[in-house]
Amino acid sequence: MPDAVVIGAGPNGLVAANLLADAGWSVEVLEAQPEPGGAVRSDRGVHPDYVSDLFSAFYPLAAASPVLARLDLAAEGLRWSHAPSVLAHPLRDGRCAVLERGAEETAAGLAQFAAADADAWRDLYGVWSRIGPDVVRALFTPFPPVRSGLRLAAKLRAAGGLRLARSLALPVRRLGEETFGGEGGRLLLAGNALHADLAPEAAGSGGFGWLMSMLGQSHGFPVPVGGAGALTDALVSRLRRRGGVLRCGERVTSVVVRGGRAVGVRTAGGESVDARKAVLADTSAPTLYRDLVGEEHLPARLLRDLERFQWDFATFKVDWALTGPVPWSAPRAATAGTVHVADGMDALTRFAAQIAMGQVPAEPFALFGQMTTADPTRSPAGTESAWAYTHLPQRITADAGPDGITGRWSPGEQEAMADRVEEQVERFAPGFRGRIGARRILAPATLQAMNENLHNGAINNGTTALHQQAVFRPTPGTGRPETPVRNLYLASAAAHPGGGVHGAPGANAARAALRPHGPRTLLHRAQRV
């Protein structure tokens, strides 16, 4: 009998298992899919000569994460690579906002939109340089972040106090208007906010756009050499060297509860796996509570709150094997690993508004990845392994475009949506479609089938909006990995601090599981952030 059973071998489940093993626990990880990794996997499914990341691809949060840093995954062979430029947002008139590896280079580029914007960027990055490390520590610490929060509060007072707090609470459109005279800096902030489900007019989207932009400036948007799966391989290798057990193809169908306490799990094959001390679930909150635990073991208030649980946007993704580099009209976009494809701030607002109305956007905002530009091992020299994803409503009521897409995702609808994404890229890179050697379509239902945590393609395990963060995540009054069932812990991005590959939810759950069983000295240092 293992000390702990971990449900799910995504990055958070693997981080939790590693930290429990570091504390001397025996750990068994059960994964429903035939391979580990959750949303951190890669393959050669588009073309045998091209490595494609199936889900996530760029990892600024991993680069900043104290949890992952202290796991020392380099010792397991993990290496990182960077594109020459971090991120670009081209416009159809040929101008291009570029987040460069160096702050001075970024500032110089933004000065081409408005001369004063160079100093505005330096000021933003100066604030980050003073408080960024404390922001990261507070973000990745169990809620409430008492010690790191006190340190951050002191730094915030020195960096502008209430005025800075106001700025970070602003919608990103307003933050951009107050900060920059030209369009370039505004687009960098707003495009980064839309990595989550935060419209340019959403409260708090300014803070998220600032966070992602500053992480890109300080840490870049790195990629694992050889593919996203290399990060998973490193986590699995480390776990196994510490005696942990990983079993794939083992779907957990229920958590066994006796006397209000989680004592193990049952699998689809009928096996019971007992847990001596804890069960940790790298699953969505609705799946854990409704499907695995069952309503009879849960308080009525939690069940009512789950009815209001909000998923983030659905996702539609296309992978390509390109026979040559992307022919961007704005040449500076060619050096960036990530490219935001939308013609200005108003286009971003229209895109988000159409999603809010339940419509498939007519001109989708595409997040475009140039993976060979970021890591030359991904495809033969002179080619590009590329992808783009765009967001959609969770429930489609209409199509703002001409194709009548309903969200049933028949083969015809999938092809039409993929063509629409390609047409959007073609507007900014004429000739792009002529360089497509092969493509793969991952519709929302396909993404969910490959990883059940990606509900209809929701990549953050719940909205990033303020009403479902911190003490409201995943439901009001929670904010921590503990659940109403003793010895059961939520270890996924459904828990604070939410989505992104950084390992904090897994680390927080491991920390909570260890707390009743020994002194703090047993905790691995990666949990002391």
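**Aromatic pairs in a predicted model**

Phenylalanine 368 has a relative accessible area of 0%, so this residue is buried. The model it sits in is a predicted one, and phenylalanine 368 makes a handy way in, since a good part of what follows concerns its ring and a few others.

Start with its partner. Phenylalanine 368 pairs up with tryptophan 320, and the two rings are stacked, with 5.6 Å from centre to centre and 25° between the planes. Tryptophan 320 belongs to strand 14, while phenylalanine 368 belongs to strand 17 (residues 366-370), so the pair ties together parts that are 48 residues apart in sequence. Tryptophan 320 also comes out at a relative accessible area of 0%, which puts it under the 20% limit and therefore among the buried residues. The two rings have further company: Trp320, Trp328, Phe368 and Phe432 make up one aromatic cluster.

Across the structure there are 12 aromatic pairs. Another of them joins phenylalanine 316 and tryptophan 409: the ring centres lie 5.3 Å apart and the planes meet at 40°, so this pair counts as tilted. Here, too, distant parts of the chain are linked, with phenylalanine 316 in strand 14 (residues 314-322) and tryptophan 409 in the loop between strand 19 (398-399) and helix 16 (411-428), 93 residues apart. Phenylalanine 316 is buried because its relative accessibility is 0%. Tryptophan 409, at 9%, counts as buried as well.

Now for the wider view. The protein chain contains 18 helices and 21 strands. Its C-alpha atoms fill a box of roughly 65 × 55 × 45 Å along the principal axes. For 529 residues, a compact globule would have a radius of gyration near 24 Å, and the 22 Å of the protein chain agrees with that. Of the 529 residues, 62% are buried. Among contacts with a separation of 6 or more, 72% are between residues 24 or more positions apart.

On the outside, the accessible surface of the protein chain amounts to about 19,100 Å², and carbon and sulfur atoms account for 52% of it. As for charge, there are 54 positive and 50 negative side chains, and the centres of the two sets are 9 Å apart.

One last stop is glycine 161, which is found in helix 7 (residues 161-169). Its relative accessibility is 18%, and buried means under 20%, so glycine 161 counts as buried. From glycine 161 to glutamine 217 is 56 residues in sequence and 23 Å in space, taken C-alpha to C-alpha.

Methods: Residues are numbered from 1 along each chain as its sequence is written. This is a predicted model: local features need pLDDT of at least 70, side-chain atom pairs count only at pLDDT 80 or more; totals for chains, interfaces and linings use all residues. Side-chain values use heavy atoms; hydrogens and water are left out. Helices (H or I, at least four residues) and strands (E, at least two) are DSSP runs, numbered from the N terminus. The radius of gyration is taken over C-alpha atoms; the globule rule is 2.2 Å times the number of residues to the power 0.38. Buried means under 20% relative accessible area, exposed over 50%, partly exposed in between (1.4 Å probe, protein chains only). Contact means heavy atoms within 4.5 Å. Accessible areas come from the Shrake-Rupley method with a 1.4 Å probe; for residues, only the protein chains shown count as cover. Lys and Arg count as positive and Asp and Glu as negative; His and the chain ends are not counted. The place of a charge is taken as NZ of Lys, CZ of Arg, CG of Asp or CD of Glu. Rings of Phe, Tyr and Trp (its six-membered ring) pair if their centres lie within 6.5 Å; planes under 30 degrees apart count as stacked, over 60 as edge-to-face and the rest as tilted.
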